[in-house]
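Reader: Please take me through this structure. I will ask what each label rests on.

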Amino acid sequence: MPPRSEVIPVSTLKIKPPPNRSPAQNGALWLKDKEVTDGAEGLWRIHDDLYDFSDFIRSHPGGSEWLELTKGTDITEAYEVHHLSTAPEQILKKYLVRKAKTKRNSPFTFKDDGFYRTLKREVASIVKTLPKQPINNSATFTDFLLAGTFMFAVLANTYWNYYLAIVAGVFLGCLVIAAHNYFHKKDNFRMLYFNLSLMQTREWRISHVLSHHLHTNTIDDMEITMNEPLLPFLPHEKPPIIKYGYYLFFPIYWLMAWHANFLKRVYYIAKGDTHLIQWYDFVPYTLPLAMYLISGQSIFATLWMWTVIVAIGSFHFSAVGLNAAHHHPDIFHDGDAPRSDTDYDWGLSQLDAIMDRHEITGSHFLVLTNFGDHALHHMFPTLDHGTLELLYPTFRKVCQDFNVDLRMTSQLELIKGSFMQVMRTEPNPNPPDLLKKY
Ligand code: HEM
């Protein structure tokens, strides 16, 4: 076995790797690693200050989970990105304890005159004037997908029809992506729809919201790590079996992703990780229960049909998710030459790590069900997907002022890009060119 230091790819952003970085890692282990690297001394770190929010956890307007999860870690990016108002700033002073002793383990900055804070100020100034209708439309679309998933799943079971199972699976895949709109916000019931995938909201709030969204495509991004070694997105030497294996195995991989995620959670629960059990863990089973009670099929037949529907949902979710925005040889992946490794505006890091798709932008339904308007969603995750489209004029203006742009490409180019990225062994020697046209 090679020593761990040779297995972990080197970060060209100079991020200290999580000590236990491995595909087997779950959310809790990732957070534990951050306690080691973040210099938060058992408190909460924001920039170079340490705070004790113990007495604020229960009254946090976004829900208690965010602060409960992140005790002992650096929450600078999470704090900056989840609040548009200045209300949190007023609260901060009350909980200040002392200065941190070490440098942040992140090159990302949020300077007042930098790209992200400038954009955030502009967006904050218009957000209250935006219509509420798109938010209601997202809710209607999401509830429609929920109803469709249940209806087609019951029909598939009743008539024992695999075509109907495929329709139910696609509805489920779209529903789970739409439900992701909701777990980024303060606690709400629609975020629970996500659990119908057999994956869990709480785990995804860690791996997706706190890890992937804030440390995108770096060695600290769990959505990079948890797909390794089958899907090695970071550019480094890879054995041919790994480099080409994805071409052979991707349909199996996509079909099995949700079940594999579930089995991983069961494994950790069996090992005693009881925090992985949540009160809403019954949600996934409401689907087979409805299928069983209404269709009159046997339990075993129902379980089989449910397994098929979940596998199709998983295939749809993985096909969309892995090819939505982040993987292409022109997109920054840790190991490539970065724009900067010390004073790297967080918003620019997001533009470097994202491309959006012409076919999706402009359609509310497609944005909601295809991880669309991805750059704006990363930068303003608490805003509803339906609202994002209304931000483009402001976003374009700020981009122009900073002489950068959002790279738009086609869905096909991003699918090809993902495969090319998995094959890539040589780091890109040039920082991303945000003005390149596709
Ligand atoms: C891990 C760090 C944190 C995360 C992920 C987080 C997340 C959130 C979310 C999702 C919301 C709801 C936003 C909305 O509905 O528009 C929210 C609201 C809020 N949070 Fe946090 N929060 C964090 C830390 C903090 C801290 C440290 C403070 C205060 C010192 C704070 C104060 C507030 C306040 C005042 C609101 C309501 C007003 C507003 O939206 O700006 N949060 N937070």
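Reader: Which residues does the UniProt annotation "transmembrane region" cover?

Author: According to UniProt, in an unreviewed entry, residues 138-156, 162-183, 244-263 and 289-312 carry this annotation. UniProt positions follow the numbering used here, feature names are shortened, and an annotation may be inferred rather than shown by experiment. The model itself is predicted: local features need pLDDT of at least 70, side-chain atom pairs count only at pLDDT 80 or more, and totals for chains, interfaces and linings use all residues. Residues are numbered from 1 along each chain as its sequence is written.

Reader: What makes up residues 138-156 and residues 244-263, helix or strand?

Author: Residues 138-156 are 100% helix and 0% strand, with 27 Å between the end C-alpha atoms. Residues 244-263 are also 100% helix and 0% strand, and their end C-alpha atoms lie 26 Å apart. Helices (H or I, at least four residues) and strands (E, at least two) are DSSP runs, numbered from the N terminus. The protein contains 19 helices and seven strands.

Reader: How do you know whether the protein agrees with a compact globule?

Author: By its radius of gyration, taken over C-alpha atoms, set against a rule of 2.2 Å times the number of residues to the power 0.38. For 438 residues a compact globule would have a value near 22 Å, and the protein has 21 Å, so the two agree. Along the principal axes, the C-alpha atoms fill a box of roughly 65 × 50 × 45 Å. Contacts (C-beta atoms, placed from the backbone, within 7 Å) with a separation of 6 or more are 74% between residues 24 or more positions apart.

Reader: Into which domains is the protein divided, and how many residues of each are in contact?

Author: An automatic or database assignment gives domain 1 (4-106) and domain 2 (107-438). Their C-alpha centres are 22 Å apart, and 32 residues of domain 1 are in contact with 40 residues of domain 2. On the domain 1 side, helix H2 (27-37), helix H3 (65-70) and helix H4 (76-81) each give two or more residues. That side has 16 nonpolar, eleven polar and five charged residues, where Ala, Val, Leu, Ile, Met, Phe, Trp, Tyr, Cys and Pro count as nonpolar, Asp, Glu, Lys and Arg as charged, and the others, Gly among them, as polar.

Reader: Which feature does UniProt place at residues 33-101?

Author: The unreviewed entry names it "domain: Cytochrome b5 heme-binding". In the model this span is 33% helix and 14% strand, and its end C-alpha atoms lie 18 Å apart.

Reader: What makes a residue part of the shell around the ligand, and how many residues surround the ligand?

Author: Its C-beta atom, placed from the backbone, must lie within 6 Å of the ligand. There are 20 such residues, and the closest are Gly62, Ala78, His82, Ser85 and Pro88. H3, H4 and helix H5 (87-92) each supply at least two of the shell residues, with the largest share, four residues, coming from H5. Domain 1 and domain 2 each provide at least three. By class the shell has eleven nonpolar, seven polar and two charged residues.

Reader: Why does Asp356 count as buried?

Author: A residue is buried with 20 or more other C-beta atoms (placed from the backbone) within 10 Å of its own, exposed with 12 or fewer, and partly exposed in between. Asp356 has 21 such neighbours, so it counts as buried. Asp356 belongs to strand E6 (residues 356-357). Beyond four places away in sequence, Asp356 touches residues including Ala325, Asp373, His374 and Met408. Across the protein, 47% of the 438 residues are buried.

Reader: Which of these words applies to Glu41 and Phe371: buried, partly exposed or exposed?

Author: Glu41 has 15 other C-beta atoms within 10 Å and is therefore partly exposed. Phe371 has 23 and is therefore buried. Glu41 lies in the loop between H2 and strand E1 (44-46), and Phe371 in the loop between helix H15 (364-369) and helix H16 (374-379).

Reader: What is the phi of Glu41 and of Phe371?

Author: Glu41 is not a glycine, yet its phi is positive, about 50°. Phe371, also a residue other than glycine, has a positive phi near 50°. Most residues other than glycine have a negative phi, and most peptide bonds are trans.

Reader: Is the peptide bond from Glu228 to Pro229 cis or trans?

Author: The bond is cis, with omega near -5°. Pro229 sits in the loop between helix H10 (222-225) and helix H11 (240-270).

Terms used. Two residues are in contact if their C-beta atoms, placed from the backbone, lie within 7 Å.
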